[in-house]
Amino acid sequence: FPGLPLLLGGRSAGARVACRSAAASAADAVVALSFPLHPPGRPEASRAPELLGAGCPVLVLQGERDPFGSPAEVVAAVGTQPAYRIVTVPGCAHELKPAKRAAFGAADVAALLLREVASLLP
């Protein structure tokens, strides 16, 4: 599809693959849902190099209670690099699924994702 931007994306392990594949595929951006920054309880086993190696803008949607890396941990991993946008998904953990009685529901998560992805496009 000539002329259209190429976005790679995935959730969890798929987000890692998207980041690792972005440069080789000349992606315009990566959408990383629940990037597993480290195994739960093992922040010393950081996967930040994969996240930082994308070579293009990266949007990370991270659940505020994600045991694989909180939004704050992801922000700390990418530092002040302007190509990275980290968005916290309220009330969610790694699966990005809100609790049944949460004020921020599934439709809100979908709307947040659409709005943020649209912000990547020219």
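**Exercise 1. Strand partners**

Task: In this predicted model, how many bridges join β2 to strand β3, and in which sense do the two run, parallel or antiparallel? Then find the bridge partner of Leu33 in β3.

Solution: Start with residues 58-63, which form β3. Counting the links between β2 and β3 gives 4 bridges, and the two strands run parallel. Now pick out Leu33 and look across to β3: its bridge partner there is Leu61.

Next, try β1, which covers residues 7-11. β1 and β2 also pair in the parallel sense, this time over 5 bridges. For one spot along that pairing, take Gly9, which stands opposite Val31 in β2. To get from β1 to β2, the chain passes through helix α1 (residues 13-22), and this β-α-β crossover is right-handed.

**Exercise 2. Two sides of β2**

Task: Sort the residues of β2 by the way they point, and say whether they are buried or exposed.

Solution: First, mark out β2 as residues 29-33. In a regular strand, side chains alternate between the two faces of the sheet. Now sort: Ala29, Val31 and Leu33 point one way, while Val30 and Ala32 point the other way. Last, check the cover: 5 of the 5 residues in β2 are buried, so a residue counted here has under 20% relative accessible area.

**Exercise 3. Two serines with positive phi**

Task: Where do Ser12 and Ser34 lie, and why does each count as buried?

Solution: Take Ser12 to begin with. You'll find Ser12 in the loop between β1 and α1. Its phi is near 60 degrees, a positive value in a residue that isn't glycine. Ser12 counts as buried because its relative accessibility is 15%, and the cut-off is under 20%.

Now go to Ser34, in the loop between β2 and α2 (48-52). Ser34 isn't a glycine either, yet its phi is positive, about 55 degrees. With 0% relative accessibility, Ser34 counts as buried because that value passes the cut-off.

**Exercise 4. A buried charge**

Task: Asp66 is buried yet has no salt bridge, so what is the nearest side chain of opposite charge, and how far away is it? Which polar partners does the Asp66 side chain have?

Solution: Locate Asp66 in the loop between β3 and α3 (71-78). The nearest oppositely charged side chain is Arg11, 6.6 Å away, and a salt bridge needs a distance within 4 Å.

Then list the polar partners. The Asp66 side chain reaches the backbone nitrogen of Phe68 at 2.8 Å. It also makes a polar contact with the side chain of His94, at 2.8 Å.

Finally, gather the contacts, skipping neighbours within four places in sequence: Asp66 touches Ser34, Cys92, Ala93 and His94. Ser34 is the serine with positive phi from Exercise 3.

Notes. Residues are numbered from 1 along each chain as its sequence is written. This is a predicted model: local features need pLDDT of at least 70, side-chain atom pairs count only at pLDDT 80 or more; totals for chains, interfaces and linings use all residues. Side-chain values use heavy atoms; hydrogens and water are left out. Buried means under 20% relative accessible area, exposed over 50%, partly exposed in between (1.4 Å probe, protein chains only). Two strands pair if DSSP finds at least two bridges between them. A crossover is right-handed if, with the strands pointing away from the viewer, the path from the first strand over the helix to the second runs clockwise. Lys and Arg count as positive and Asp and Glu as negative; His and the chain ends are not counted. A polar contact is a pair of N or O atoms within 3.5 Å; within protein, one must be able to donate a hydrogen and the other to accept it, and residues adjacent in sequence count only if both atoms are side-chain atoms. Contact means heavy atoms within 4.5 Å.
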